[in-house]
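Trainee: I am new to this structure. Can we go through it with short questions, starting with the ligand?

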Amino acid sequence: MSNNNNLIDVIKPVYVTEPFLPPLEEFQEYLREIWENKWLTNNGQFHREFEQKLCEFLGVPYVSLFANGTLALITALQALRITGEVITTPFSFVATAHALHWNGIKPVFCDIEQAHCTIDPDKIEPLITPATSAILPVHVYGHPCNVDAIQDIADMYGLKVIYDAAHAFGVRVNGTSICNFGDLSVLSFHATKVLTTFEGGAIICHNEKMKKRIDYLKNFGIAGETTVVGPGINAKMNEFQAALGLLQLKYHENNRNKRQRNTNIYKEYLNGIDGIRYLDEMNNTYHNYAYFPIFVQDDYALTRDELYTKMKQNNIHLRRYFYPLISEFPTYRSLQSSVSADLKTAKRISEQVLCLPISPNIDVEDIEFIVSLLRSDVSNI
Ligand SMILES: *Cc1c(COP(=O)(O)O)cnc(C)c1O
C-alpha cells in the first residue's frame, strides 16, 4: 500500500516498551539529598519511605525492596525453605525458572489456560509428587491467576504458593491487591516494567516475622552487629533506585490510564480483523495494561513470524513474549521427559503471540500505523 510507504519514511523506530522517566529536575532533588546525607544503601531514608509508600499505594501489609526481581524470587524461595520440586509455568520470562534452578529446585512445568495465559489449575494436581513443595505461578501480562483454585490445591496438599507478580504492579481483584494472595508475591521494577527503578524488585508478605526474615536474607543474613542468622545474599535496593521509585509512584496512575487508552484504541481497530485474537478484560479486575499481546491465528494472512518480520522492516520492534517456552531452552528441555507434562496450550500460544507497543508516550499515529500494517494483508477489509 503506497500509503504506508510514505509513512515509513517519517516514522521513528517504535519499541515494544519504552521506559517512563519523570522530569530530571525532580530526580535531581533526590540526588542532592543523597549527596548531602551520604547514605547510599542499607535501609536508607528513601528505602524506608519507598517501602512504606508502596504498602499504602498497593494496599499490602509488608514490602521488602530488592535490587532486582530475580534476586527477590530467589530469596522468596529461600525464605520459605522451598526444596525438591516446584510446579510452575513454561509461559513466562526465563527468570521464573532460573530462580528455582539457583536454589537447586526442579521446575515442573504445567500447561496454561488459553483464556488468559496463566497456569491451568486443572492441570496442577497430576504433577504433584512427594517432592513437590510449592507452586510458582505467574500473573502473565498482569492478568491474575485463578488464585482461589490454586490456593485450594495448595491447602489440600500442604504446598506453599509464591506468585511471580513481575507484570502485575497495581493490579487489583475485587478491590484488593493481587499481591495479597499466596504466601509471597514478587514484583519487578526493571526498565521494561510498568513502574521502573532502573533495576529493582520487591517481595510482598503478610506478617512482620516473615518480613524480618526476608530482610535478613537480602543482607547477608545479618541480624545484628555480631549475629548472622543464615546464608543470606546481597540483594538490597540502593537509595538511587528507591528515590526513583518514590518519584515514579506520583506518575503511575496517569501512565496506567494512558496505557488503558492505548489498549482501547488497539481493540477498537482490531475488532473485525480476522485471525487476530486479543485478551478480554477480566471481571472485577483493575488492570494495569502492562502489555498488549495479540495472538495470530491460522486464518490470518501471515504467520506470526512473517508479521513480526514485516513489522521490523517497518521499524516497529515487537517482542514475542513468551517464545520459546522456558521448557524448550537447553537448561530445562531435559526435564520434560521425566514429568511428561502436556504443554499443548502453552506451546500453541507461544507460537501465536506478539506484543504490541502500548507505552504511555506512544503517539496515536504510531498505533494507527501499526494497525494499518496489520490490516494491509487482510483481503476482506
Ligand atoms: C522481569 C521479570 C522477572 C525478572 O525481574 P528482574 O527485575 O528483571 O530481575 C521475573 N519474572 C517475570 C515474569 C518477569 O517479567
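Mentor: Start with two terms. A pocket is an open set of grid points with protein on both sides within 12 Å along at least five of seven lines. A molecule sits in a pocket if more than half of its atoms lie within 2 Å of its grid points. Keep in mind that this is a predicted model.

Trainee: Which pocket is the space taken by the ligand?

Mentor: Pockets are open sets of points. The ligand takes up one of them. That space is the largest pocket.

Trainee: What is the volume of the largest pocket?

Mentor: Its lining has 31 residues. Phe-93, Val-94, Lys-193, Tyr-321 and Phe-322 are the closest to its centre. The volume is about 620 Å³.

Trainee: Which elements each supply at least two residues of that pocket's lining?

Mentor: Look at the residue types beforehand: the lining divides into 17 nonpolar, nine polar and five charged. Two helices and a strand each supply at least two residues. They are α4, α5 and β9 (184–188).

Trainee: Which residues come nearest to the ligand?

Mentor: There are 15 residues around the ligand. They divide into four nonpolar, nine polar and two charged. Those that come nearest are Gly-69, Thr-70, Asp-164, Ser-188 and Lys-193.

Trainee: How far is a polar side-chain atom of Thr-70 from an oxygen atom of the ligand?

Mentor: A polar contact needs N or O atoms within 3.5 Å. Gly-69 has a polar backbone atom 2.8 Å from a ligand oxygen. Ser-188 places a side-chain N or O atom 2.7 Å from a ligand oxygen. For the side chain of Thr-70, the distance is 2.6 Å.

Trainee: How much of the ligand's exposed area does the protein bury?

Mentor: Take the ligand alone to begin with. It then exposes 380 Å². The protein buries 93% of that.

Trainee: Which elements give two or more residues to the shell around the ligand?

Mentor: Two helices meet that mark. One covers 69–79, and the other covers 95–101. They are α4 and α5.

Trainee: Now the cavities. Which element gives the most to the lining of the largest cavity?

Mentor: The structure holds four cavities of 30 Å³ or more. About 230 Å³ lies in the largest cavity, which is lined by 23 residues. Both α8 (239–270) and β17 (353–356) give two or more residues to this lining. The element that gives the most, with four residues, is α8.

Trainee: Which residues lie nearest the centre of the largest cavity?

Mentor: The lining divides into 13 nonpolar, seven polar and three charged. Nearest the centre are Glu-18, Lys-193, Val-194, Arg-259 and Pro-360.

How values were computed: Residues numbered from 1 in each chain as written. Predicted model: local features only at pLDDT ≥ 70, side-chain atom pairs only at ≥ 80, totals over all residues. Heavy atoms only, no water. Near = heavy atom within 4 Å. Polar contact = N/O pair within 3.5 Å; in protein donor to acceptor, adjacent residues only side chain to side chain. Areas by Shrake-Rupley, 256 points an atom, 1.4 Å probe, with all protein chains shown as cover. 1 Å grid on protein atoms, 1.4 Å probe; cavity = no way out; pocket = protein on both sides within 12 Å on 5 of 7 lines; lining within 4 Å. Nonpolar A, V, L, I, M, F, W, Y, C, P; charged D, E, K, R; others polar. Points joined across faces, edges and corners; volume = space filled by probe spheres on them.
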